[in-house]
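Morning, everyone. Please look at the sequence and the model on the screen. I will take it piece by piece.

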Amino acid sequence: MSILLILAVVLFIAFLVETLVEFLLAPLFEKVPKLAPFKWVTMYVAIAVAMFAAFLYRLDLVFMLAQFLGVQEIPQTTYGIVITGIAIGKGSNY
């Protein structure tokens, strides 16, 4: 699989996470005055959703990049999936 295709999927997931989190949570923080000070929580919800997606689809960008470059010594790890999930979640905030 091409690394560009993988990156396109990751960017699409980041876009999808941001869109869904903003669609579902932003109205709550805008319409309920008591929740307004906690709007920052949406960033962490986006990271949690992205990490769930990374585990669901077994997305480990470090492993995938190593495979693309022909390096067989780097295994797919939970750590790689976690940092990929965080990157997707934070990437969705941009």
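One term before we start. A residue is called buried when its relative accessible area is under 20%, exposed when it is over 50%, and partly exposed in between. Now use it. Thr42 has a relative accessibility of 9%, so Thr42 counts as buried. Thr42 sits in helix α2.

Keep in mind that this is a predicted model. How confident is the predictor? The chain averages a pLDDT of 88. Of the residues, 96% score at least 70. Confidence is highest in α2, at a mean of 92. It is lowest in α1, at 88.

Back to Thr42. What does Thr42 touch, once we set aside its neighbours within four places in sequence? The partners are Val21, Glu22, Leu25 and Phe29.

Next, helix α2 as a whole. It runs from 41 to 57. Check its length with me. There are 17 residues, and at 1.5 Å a residue they should span 24 Å. The C-alpha atoms at the two ends are 24 Å apart, so the expected span and the model agree.

Which residues of α2 are buried? They are Thr42, Ala46, Ile47, Ala50, Ala53 and Ala54. Now look down the axis of α2. The buried residues fall within an arc of 140 degrees, so they line one face of the helix. On the other side of α2, Phe52 and Leu56 are exposed.

Take one residue from the buried face. Ala46 lies in α2. Its relative accessibility is 0%, so Ala46 counts as buried. Where is Gly91 relative to Ala46? Along the chain, the two are 45 residues apart. Their C-alpha atoms are separated by 9.5 Å.

On to the core. In soluble globular proteins, nonpolar side chains tend to be buried together. Here, the largest nonpolar core has 16 residues. Those with the most contacts inside the core are Ile13, Val17, Val21, Leu59 and Ile88. Which elements give two or more residues to this core? They are α1, α2 and α4. For your map, α1 covers 3–31 and α4 covers 78–92. The most comes from α1, with eight residues.

Let me zoom in on Leu59. Again, leave aside the neighbours within four places in sequence. Leu59 is then in contact with Val10, Ile13, Ala54, Met64, Gly80, Ile81, Thr84 and Ile88. Two of those names, Ile13 and Ile88, were also on the list of residues with the most contacts inside the core.

Now two residues of α1. Phe12 is found in helix α1. Is Phe12 buried, exposed or partly exposed? Its relative accessible area is 48%, so Phe12 is partly exposed. Phe12 and Ile88 are 76 residues apart along the chain, and their C-alpha atoms are separated by 9.4 Å.

Leu20 is also in helix α1. Leu20 is partly exposed, with a relative accessible area of 44%. Its C-alpha atom is 9.7 Å from that of Val49, and the two residues are 29 apart in sequence.

For contrast, go to the loop between α1 and α2. Pro33 is found there. Pro33 is exposed, because its relative accessible area is 66%. How far is Pro33 from Phe68? They are 35 residues apart along the chain, and their C-alpha atoms are separated by 49 Å.

Now the aromatic rings. A pair of aromatic rings is described by the distance of the centres and the angle of the planes. The structure holds one such pair. In that pair, the ring centres of Trp40 and Tyr44 are 6.0 Å apart and the planes are at 85 degrees, so the pair is edge-to-face. Tyr44 is partly exposed, with a relative accessible area of 48%.

Last stop: Arg58. Just after α2, Arg58 takes a positive phi of about 55 degrees. Note that Arg58 is not a glycine. It is found in the loop between α2 and α3, and α3 runs from 61 to 69. Arg58 is partly exposed, with a relative accessible area of 43%.

That is the tour. Thank you.

Key. Residues are numbered from 1 along each chain as its sequence is written. This is a predicted model: local features need pLDDT of at least 70, side-chain atom pairs count only at pLDDT 80 or more; totals for chains, interfaces and linings use all residues. Side-chain values use heavy atoms; hydrogens and water are left out. Helices (H or I, at least four residues) and strands (E, at least two) are DSSP runs, numbered from the N terminus. Buried means under 20% relative accessible area, exposed over 50%, partly exposed in between (1.4 Å probe, protein chains only). Rings of Phe, Tyr and Trp (its six-membered ring) pair if their centres lie within 6.5 Å; planes under 30 degrees apart count as stacked, over 60 as edge-to-face and the rest as tilted. A nonpolar core is a set of buried Ala, Val, Leu, Ile, Met, Phe, Trp, Tyr and Cys residues joined through side-chain atoms within 4.5 Å. Contact means heavy atoms within 4.5 Å. The expected span of a helix is 1.5 Å times one less than its number of residues. The arc is that of the directions from the helix axis to the C-beta atoms. pLDDT is the predictor's confidence in each residue, from 0 to 100.
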